[in-house]
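Reader: I should like to examine this model through a series of questions. Please show the sequence and the structure before we begin.

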Amino acid sequence: MSETRTALKQIATERVQRAGVTGATFRDLGAAVGIKSSSVIYHFGSKDALLAELIRAYSGAFFARLARADGTPAKLTA
């Protein structure tokens, strides 16, 4: 993964946590790393794709932390 893409994901995560989904505009994300909003689109394709990546990363980290908490693998139950 490129450094720019990693930085964009980190900044987007912070913005979503602080201001919600509408707080992470491609224009603001691009400005934060010094690129145009069209370049942010190049990295993710769409805002939905970016949000899906953020959710996957967040849930992966959550379950990894859960597994470390008691030493057993984390499982979802219905």
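Reader: How much space lies in the largest pocket?

Author: The model is a predicted one, in which local features need pLDDT of at least 70 and side-chain atom pairs count only at pLDDT 80 or more, while totals for chains, interfaces and linings use all residues. Residues are numbered from 1 along each chain as its sequence is written, and side-chain values use heavy atoms, with hydrogens and water left out. A pocket is found on a 1 Å grid over the protein atoms alone, as an open set of points where a 1.4 Å probe fits, with protein on both sides within 12 Å along at least five of seven lines; grid points are joined across faces, edges and corners, and the volume is the space filled by probe spheres set on the points. For the largest pocket, this space is about 160 Å³.

Reader: Which helix gives the largest share of the lining of that largest pocket?

Author: Lining residues have an atom within 4 Å of a point, and here they are Thr13, Leu54, Ala57, Tyr58, Ala61, Phe62, Arg65 and Arg68. By class, the lining has 5 nonpolar, 1 polar and 2 charged residues, where Ala, Val, Leu, Ile, Met, Phe, Trp, Tyr, Cys and Pro count as nonpolar, Asp, Glu, Lys and Arg as charged, and the others, Gly among them, as polar. The largest share, 7 residues, comes from residues 47-70, helix α4.

Reader: What pattern does the protein chain follow along the sequence?

Author: Helices (H or I, at least four residues) and strands (E, at least two) are DSSP runs, numbered from the N terminus. The protein chain has 4 helices and 0 strands. Its pattern is therefore written with helix symbols under that DSSP definition, and along the sequence it reads α-α-α-α.

Reader: Is Ala57 of the pocket lining buried or partly exposed?

Author: Buried means under 20% relative accessible area, exposed over 50%, and partly exposed in between (1.4 Å probe, protein chains only). Ala57 is found in helix α4, and its C-alpha lies 9.5 Å from that of Lys9, 48 residues apart in sequence. Because its relative accessibility is 42%, Ala57 counts as partly exposed.

Reader: Why do the buried residues of α2 lie on the same side of that helix?

Author: In α2 (residues 26-33), the buried residues are Phe26, Leu29 and Gly30. The arc is that of the directions from the helix axis to the C-beta atoms. These residues lie on the same side of α2 because they cover an arc of only 100 degrees.

Reader: Which exposed residues does the opposite face of α2 carry?

Author: The face in question is turned away from the buried side of α2. Just after this helix, Gly34 takes a positive phi of about 80 degrees. The exposed residues on that face are Arg27 and Ala31.

Reader: Within what arc do the buried residues of α3 fall?

Author: Val40, His43 and Phe44 are the buried residues of α3. Seen down the helix axis, they line one face, because they fall within an arc of 80 degrees.

Reader: Which elements give two or more residues to the largest nonpolar core?

Author: A nonpolar core is a set of buried Ala, Val, Leu, Ile, Met, Phe, Trp, Tyr and Cys residues joined through side-chain atoms within 4.5 Å. The largest has 10 residues, among them Leu8, Phe26, Val40 and Leu54. The elements giving two or more are α1 (3-19), α2, α3 (37-44) and α4.

Reader: Which residues does Phe26 touch, not counting those up to four places away in sequence?

Author: Phe26 is buried, with a relative accessible area of 13%. Its C-alpha is 7.8 Å from that of Lys47, 21 residues apart in sequence. With contact meaning heavy atoms within 4.5 Å, Phe26 touches Ser37, Val40, Ile41, Ser46, Lys47 and Leu50.

Reader: Which residues does Glu53 touch on the same count?

Author: Glu53 has its place in helix α4. At 14% relative accessibility, Glu53 counts as buried. Not counting residues up to four places away in sequence, Glu53 touches Arg5, Lys9 and Phe44.
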